[in-house]
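Open the model in your viewer and keep the selection tool at hand. This tour goes from stop to stop and says what to pick at each one.

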Amino acid sequence: MFQLRLDRPSQVPCKVLCLGAHSDDIEIGCGGTLLRLLAMYPNAEVWWVVFSAVGLRRREARSSAKAFLARASKSRVILKNFRESFLPFRGEEIKEFFEEIKAKFVPDVVLTHYRHDLHQDHRVVSEFTWNTFRNHLILEYEIPKYDGDLGVPNTFVSLDVEVCRQKVDNLRRHFASQRSKQWFTEDLFFALLRLRGVESNSLTKYAEAFYCRKNVL
Ligand SMILES: [Zn+2]
């Protein structure tokens, strides 16, 4: 069958925009995919944007982004200080910020939150992503959580176990403030990677999953 491929000739520049509401969202949702992209594209340029990164969570976000982006030829980490859980009430400023990004960076792919995510901050970031990037490939990642909003994703990226291990180790290492949370565990992250691997018939057993709502062939 035809396959959509992530891997173009590696000399081609690849521009990736990662958007996350909170400090660890990008890593949980698409950290493995990003590591894989950076291994395939030595010329990759990544913009990494976190909307709510304050205090300790800001320091964690910065050190984690540095680890995930170690292989990027160019990267920019932008940490905003919007108040956690209140993003829906800061729509005007957030929209203006999205327009700033769009004016300066033209991504090949945008990695963002799932439109039907039950966390209001996640949803706002997803909505403004679609509202701002009108001619781009957008992949929406998933975040497992108490609310129980996992759905049926339609796009999968196979990941080697080593990449999964690197993702999970980075998460555990850089987000000490989250280690006490009952869901922030190695087995949870691996369980979801394994489940999506099964659903995508991944030869490597593991995968991250996305929602691709618009795909132009
Ligand atoms: Zn979040």
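A crossing of two helices counts as right-handed if the near helix is turned clockwise from the far one by less than a right angle, and as left-handed if it is turned anticlockwise. Keep that in mind for the helix stops. Note too that this is a predicted model.

**Stop 1: helix 1 and helix 5**

Select residues 25-40, which form helix 1. Add helix 5, residues 161-174. Helix 1 passes helix 5 in a right-handed crossing. Their axes come within 9 Å and cross at roughly 135°. Helix 1 and helix 5 are therefore oblique to each other.

Now show the side chains. From helix 1, pick Glu27, Ile28, Gly31, Gly32, Leu35 and Arg36. They meet Val163, Cys164, Gln166, Lys167, Asn170 and Leu171 in helix 5. By class, this contact of helix 1 with helix 5 holds five nonpolar, four polar and three charged residues.

**Stop 2: helix 5 and helix 6**

Keep helix 5 and add helix 6, residues 186-199. At what angle do the axes of helix 5 and helix 6 cross? The angle is roughly 150°, and the axes come within 10 Å. Angles over 145 degrees count as roughly antiparallel. Helix 5 and helix 6 are therefore roughly antiparallel to each other. Helix 5 passes helix 6 in a right-handed crossing.

Select Cys164, Val168, Leu171 and Arg172 in helix 5. Facing them in helix 6 are Glu186, Phe189, Phe190 and Leu193. Six residues of the contact of helix 5 with helix 6 are nonpolar, two are charged and none is polar.

**Stop 3: the sheet**

Hide the helices and show the strands. Seven strands form an open sheet with mixed pairing, in the order 3-2-1-4-5-7-6. Which strands stand at the edges? They are strand 3 (74-79) and strand 6 (155-159). Each has a single partner strand, so one side of each is left without a neighbour in the sheet. From one strand to the next, the twist averages 25°.

**Stop 4: strand 1 and its partners**

Select strand 1, residues 15-22. Add strand 2, residues 45-52. Strand 1 and strand 2 pair in the parallel sense over seven bridges. Pick Cys18: its bridge partner in strand 2 is Trp48. Strand 2 is mostly covered, with seven of its eight residues buried.

Next, add strand 4, residues 109-113. Strand 1 and strand 4 also run parallel, joined by three bridges. Pick Val16, which stands opposite Val109 in strand 4.

**Stop 5: Lys15**

Zoom in on Lys15, in strand 1. Lys15 counts as partly exposed because it has 17 C-beta neighbours inside 10 Å. Leaving out residues up to four places away in sequence, Lys15 touches Glu45, Phe105, Val106, Pro107 and Asp108. Now select Val46, 31 residues from Lys15 along the chain. The C-alpha atoms of Lys15 and Val46 are separated by 5.8 Å.

**Stop 6: helices on the sheet**

Bring the helices back. Select helix 2, residues 56-68. Helix 2 lies across strand 2 and strand 3, and runs at about 170° to strand 3.

Finish with helix 4, residues 120-132. Which strands does helix 4 touch? Helix 4 packs on the sheet, touching strand 1, strand 2, strand 4 and strand 5 (137-141). The direction of helix 4 makes about 150° with that of strand 4.

Note on methods
Residues are numbered from 1 along each chain as its sequence is written. This is a predicted model: local features need pLDDT of at least 70, side-chain atom pairs count only at pLDDT 80 or more; totals for chains, interfaces and linings use all residues. Axes are lines fitted to C-alpha atoms, for helices over the stretch in contact, and angles run from 0 to 180 degrees between N-to-C directions. Helices (H or I, at least four residues) and strands (E, at least two) are DSSP runs, numbered from the N terminus. Angles under 35 degrees count as roughly parallel, over 145 as roughly antiparallel, 65 to 115 as roughly perpendicular and the rest as oblique. Two residues are in contact if their C-beta atoms, placed from the backbone, lie within 7 Å. Ala, Val, Leu, Ile, Met, Phe, Trp, Tyr, Cys and Pro count as nonpolar, Asp, Glu, Lys and Arg as charged, and the others, Gly among them, as polar. A residue is buried if 20 or more other C-beta atoms lie within 10 Å of its own, exposed if 12 or fewer, and partly exposed in between; C-beta atoms are placed from the backbone. Two strands pair if DSSP finds at least two bridges between them.
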